[in-house]
Amino acid sequence: MINKNIFLLSALLSGLSCNSLALDKNQHLAGGTASVDNNMASAFSMHSTNMTRAKNILTFNGGNKFFEEPWAQSAGSVSSQDGLGPLFNSNACQNCHVRDGRGHASQAAKGQLGDDFSTLLIRASKSELTTAQTARIEQSLQANVGDACIGGQLQHKAVFAVTNEASQRVSYRYKTVNFADGETIELRDPIWHVKATNCEIGQDTVLSARVAPAMIGLGLLALINEQNILAKQDIDDANQNGISGKANQVWSIAAQAVTLGRFGWKAGQPSLRQQAAGAFLGDMGITSDFAPIENCLSTQSDCLNAKNGNSHHNNTPEEFEVSTRILDKVTFYAHHLAVPIRRNAYAPQVLQGKQIFNEIGCGQCHTESYTTQKSEQFSELSEQKIYPYSDLLLHDMGTALTDFDKHSNTVDGEIAVEFLAQANEWRTPPLWGIGLAQTVDPNATFLHDGRARTILEAVLWHGGEAQTSKLALLKLDKTQRRALLAFLHDL
């Protein structure tokens, strides 16, 4: 365990201001008492430290089993884990969320095409809509309208005797960014090469590349009071600080009503259960009580005619390919993947970096802390002070990070692509655990599409509402940059 008193004394002796030291002395416990003391490759795969009840531990382990093990094509040897496809991106949750961590974009060499899409997928939504379709999206009754050729998500794999939807590759162009002190850094900008197999992707279709996000701390985010999130909205930038956070409002299957979106790169999911069901269907082609219809288009006859995995278990037909019992276990598992304890939260350089982080404006979107609501269902996560560094709101991140069309051209940023989220808007990602991302998986990359190979590259891609903060970063000297990065790598 970290000896925070030694770090605080060291900070005092180093001359940091009293204001710098007026910090919560428990901030190293990023996930409250549910935090786990682990800084190894398994750091993101542990259950909440304060989980002591045997029943909960068994449920967590059961969810881990179904999250980790591969699913088989219909009529597989294990009836509870068949039903893969017909169209899919991966056959196991853990394949995308490597050791429960974030995914990566293909590491294509300069001048080469990369084909590693093992942890990255591409969403699709039409931008030319009927009046009725536009109204439903504006009212958050549906997320979007999928492309007529590939639907709402491109599935590049298929089971035997079914044709996959498309091929996808990525290449990069490079640019050099200069710091005020003369140092430089090279950034890579992805060019997506997407070609459908048997049809043409629409000219009006917006594509959105997204790597798998880390799974830690999600249950804690679910318990943040909705009003605490909504209170941070500033849609019209009333305070004229250039920041105009917006909450996504989405359709909740459980509530049968519009509610706050919290999860996913565009805050398009209201709950972890709905997110899990969406991933089972979209990523693996596996139906559930929340997503009961196979994701085949009316034109995909081989997909429509493929056998499903509604197998018979103990001579009882299952209505869905992933049973409600299994989906509940996976949801419980997702709620309780713990956030690691910070390693050096009170070191002088880290405290200096935190001060710089706030001075250049990063904290305006990356809200430091909340206290979770009381919950009997998730008692281990109840009433915890947590430090996710996110406001969970949507922000305009600038043209460079805006979604694209089939020719890899940037589209109009004001096109809605996921409920109220526009093509240029992204939910502020929680920063907790980011410093361990490449410890958990050395191949992990950053930003929604994995273009950034380092945390510093990720910050330098910020634009739009974060443009002022990025320009301030470019003016920092080497010592200040090192301090800022020490802070970010400690999260």
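Start by selecting Cys149 and Cys199: their link is right-handed, with 80 degrees about the S-S bond. Keep in mind as you look around that this is a predicted model.

**First stop: the Cys149–Cys199 disulfide**

Show the two sulfur atoms and you will find them joined in a disulfide, 1.9 Å from S to S. Now colour the elements on either side. Cys149 sits in the loop between α5 (131-138) and β5 (153-154), while Cys199 sits in the loop between β8 (184-196) and β9, so the bond ties together parts that are 50 residues apart in sequence. Switch on a surface and compare the two ends. Cys149 is buried, at a relative accessible area of 5%, whereas Cys199 is partly exposed, at 33%.

**Second stop: Cys296 and Cys303**

How many disulfides does the structure hold? There are 2, and for the other pair you should select Cys296 and Cys303, whose sulfur atoms lie 1.9 Å apart. Is this disulfide left-handed or right-handed? The torsion about the S-S bond is about -70 degrees, so the disulfide of Cys296 and Cys303 is left-handed. On the surface view, Cys296 is buried with a relative accessible area of 15%, and Cys303 also counts as buried, at 2%. If you number the bonded cysteines of the protein chain in sequence order, the pairing reads 1-2, 3-4.

**Third stop: Cys93 and Cys96**

Next, pick Cys93, which is in no disulfide. Why is there no bond between Cys96 and Cys93? The sulfur of Cys96 is 8.1 Å from that of Cys93, its closest cysteine sulfur, and this is too far for a bond; a disulfide here needs the sulfur atoms within 2.5 Å. Cys93 is buried, with a relative accessible area of 13%, and Cys96 is buried with a value of 13% as well.

**Fourth stop: Arg53 and Glu380**

Time to move on to charged side chains. A search of the whole structure gives 20 salt bridges, and a good one to open with is Arg53 with Glu380, where the closest N and O atoms are 3.9 Å apart. The cut-off is 4 Å, so keep your distance label on while you inspect this pair. Arg53 belongs to the loop between α2 (18-21) and α3 (54-68), and Glu380 to the loop between β14 (370-371) and β15 (385-386), so the contact ties together parts that are 327 residues apart in sequence. Which partner is buried and which is partly exposed? Arg53 counts as partly exposed, at 44% relative accessibility, and Glu380 as buried, at 5%.

**Fifth stop: Arg210 and Glu418**

Select these two side chains and label the N to O distance: they meet in a salt bridge at 2.7 Å. This pair links distant parts of the chain, with Arg210 in strand β9 (residues 205-211) and Glu418 in strand β17 (residues 416-418), 208 residues apart. Both Arg210 and Glu418 are buried.

**Last stop: a network of salt bridges**

Finish by selecting Arg173, Asp189, Asp449 and Arg451 together, since these residues are linked in a network of salt bridges. Zoom in on one of its contacts, the salt bridge between Arg451 and Asp449, where the closest N and O atoms are 2.8 Å apart. Turn the surface on once more: Arg451 is buried, with a relative accessible area of 4%, and Asp449 is buried too, with 3%.

How values were computed
Residues numbered from 1 in each chain as written. Predicted model: local features only at pLDDT ≥ 70, side-chain atom pairs only at ≥ 80, totals over all residues. Heavy atoms only, no water. Helix = DSSP H or I, 4+ residues; strand = E, 2+ residues; numbered from the N terminus. Buried < 20%, exposed > 50% of the residue type's maximum accessible area, 1.4 Å probe, protein only.
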